[in-house]
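Got your viewer open? Let's take a walk through this model, one selection at a time.

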Amino acid sequence: MRRVLMGLVLLMAGLSLAQGTDYQQAAVASAALARLQAVAQGATGEEKLLTWAKEVKARAEESYEAKAYFKAAREAQAALLLFRAASGEPQVQARGPRPAPRMGMHHPFGPRGHAFAPWGKGRPGLDARLTQRVPRVVDRAEKELTYYRAQDSLVKDLVAEAKDRLSKEPGRAFLLARAALALISAERGF
């Protein structure tokens, strides 16, 4: 009798946790769409990328209304990346200096940019590593496109555009490839 009762309690707890996942994904999608709305209002830049971004934004809003929260969040992520690519903002940047340590925390590193600091301008080889990363991301997007047999024509266009811009504009190529990866993830559902 105890085992049956314990099993029912565990089953009810599992079901309540499974239902909570929808609320979490809805909150993530809602936050992504709110950020997307803010970015879309003042978006300027290359017209072709802006039209793609607006198309993906409309898809994200439709997915959210259809309660496909994961898909909406991924599409919103792709639209944000497309808006950033349209404005010419490169993704491949070093992180800025960290904030000053709190009182009572004594460690040797502060927001100084000396040669051995793990952040800032003194970091050797950062640009080389970032420029090596861009072709790998574009290649991964192309391979995922063929492996998952993505049917979306926009994903194919994004990958082709990223390959074209790889040597001229690596920052935009990176953003386009990441947007294609986000759309592939939205299509496949994981």
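Before you click on anything, keep in mind that this is a predicted model.

**Stop 1: the whole chain**

Start with a cartoon view. The chain has 6 helices and 0 strands, so you can read its elements from the N terminus as α-α-α-α-α-α. Now try colouring by accessibility: of the 190 residues, 33% are buried. Contacts tell you something too. Take those between residues at least 6 apart in sequence, and 70% of them join residues at least 24 apart.

**Stop 2: α5 against α6**

Next, select α5 (153–164) and α6 (170–188). How do they pack? Two packed helices are described by the angle between their axes and the distance between the axes. Here the angle is about 155° and the axes are 8 Å apart. That makes α5 roughly antiparallel to α6, because an angle over 145 degrees counts that way. The crossing of α5 past α6 is left-handed.

Show side chains to see who does the touching. On the α5 side, look for Leu154, Val155, Leu158, Val159, Glu161 and Ala162. On the α6 side, the contact residues include Ala173, Leu176, Ala177 and Leu183.

**Stop 3: α3 against α6**

Keep α6 on screen and add α3, residues 69–86. The axes of α3 and α6 come within 8 Å and cross at roughly 165°. So α3 is roughly antiparallel to α6, and α3 passes α6 in a left-handed crossing.

Among the α3 residues making this contact are Phe70, Arg74, Ala78, Leu81 and Leu82. From α6, the partners include Arg172, Leu175, Leu176, Ala179 and Leu183. Leave Leu176 highlighted: Leu176 is also listed in the contact of α5 with α6, and you'll meet Leu176 again at the next stop.

**Stop 4: arginine 165**

Now select arginine 165, in the loop between α5 and α6. Is arginine 165 buried or exposed? Arginine 165 is buried, with a relative accessible area of 6%; the cut-off for buried is under 20%.

Who are the neighbours? Leaving out residues up to four places away in sequence, arginine 165 touches Glu46, Leu49, Pro170, Arg172, Ala173 and Leu176. Try your distance tool on the last of these: from C-alpha to C-alpha, arginine 165 and leucine 176 are 9.3 Å apart, with their positions 11 residues apart in sequence.

**Stop 5: rings and a charge**

Time for the aromatics. The whole structure holds 3 aromatic pairs. Select tyrosine 148 and phenylalanine 190 to see one of these pairs. A pair of aromatic rings is described by the distance of the centres and the angle of the planes. For this one, the centres are 6.2 Å apart and the planes are at 80°, making it edge-to-face.

Tyrosine 148 lies in the loop between α4 (126–147) and α5, while phenylalanine 190 is in the segment after α6, so the pair ties together parts that are 42 residues apart in sequence. Tyrosine 148 counts as partly exposed, at 34% relative accessibility, whereas phenylalanine 190 is exposed at 53%. Add Tyr147 to your selection as well: ring pairs link Tyr147, Tyr148 and Phe190 into a cluster.

Which charged end sits over the ring of phenylalanine 190? Select arginine 188: the charged end of arginine 188 is 4.6 Å from the centre of that ring. Arginine 188 also lies over the face of tyrosine 148, at 4.5 Å from the ring centre.

**Stop 6: two loop residues with a positive phi**

For the last stop, think about backbone angles. Most residues other than glycine have a negative phi, and most peptide bonds are trans.

Select lysine 67, in the loop between α2 (47–65) and α3. Lysine 67 isn't a glycine, yet its phi is positive, at about 65°. Lysine 67 is exposed, with a relative accessible area of 61%.

Then jump to arginine 149, in the loop between α4 and α5. Arginine 149 isn't a glycine either, and has a positive phi of about 50°. At 65% relative accessibility, arginine 149 counts as exposed.

Note on methods
Residues are numbered from 1 along each chain as its sequence is written. Side-chain values use heavy atoms; hydrogens and water are left out. Rings of Phe, Tyr and Trp (its six-membered ring) pair if their centres lie within 6.5 Å; planes under 30 degrees apart count as stacked, over 60 as edge-to-face and the rest as tilted. Helices (H or I, at least four residues) and strands (E, at least two) are DSSP runs, numbered from the N terminus. Buried means under 20% relative accessible area, exposed over 50%, partly exposed in between (1.4 Å probe, protein chains only). A charge sits over a ring if NZ of Lys or CZ of Arg is within 6 Å of the ring centre and within 35 degrees of the ring normal. Contact means heavy atoms within 4.5 Å. Axes are lines fitted to C-alpha atoms, for helices over the stretch in contact, and angles run from 0 to 180 degrees between N-to-C directions. Angles under 35 degrees count as roughly parallel, over 145 as roughly antiparallel, 65 to 115 as roughly perpendicular and the rest as oblique. A crossing is left-handed if the near helix is turned anticlockwise from the far one by less than a right angle, and right-handed if clockwise.
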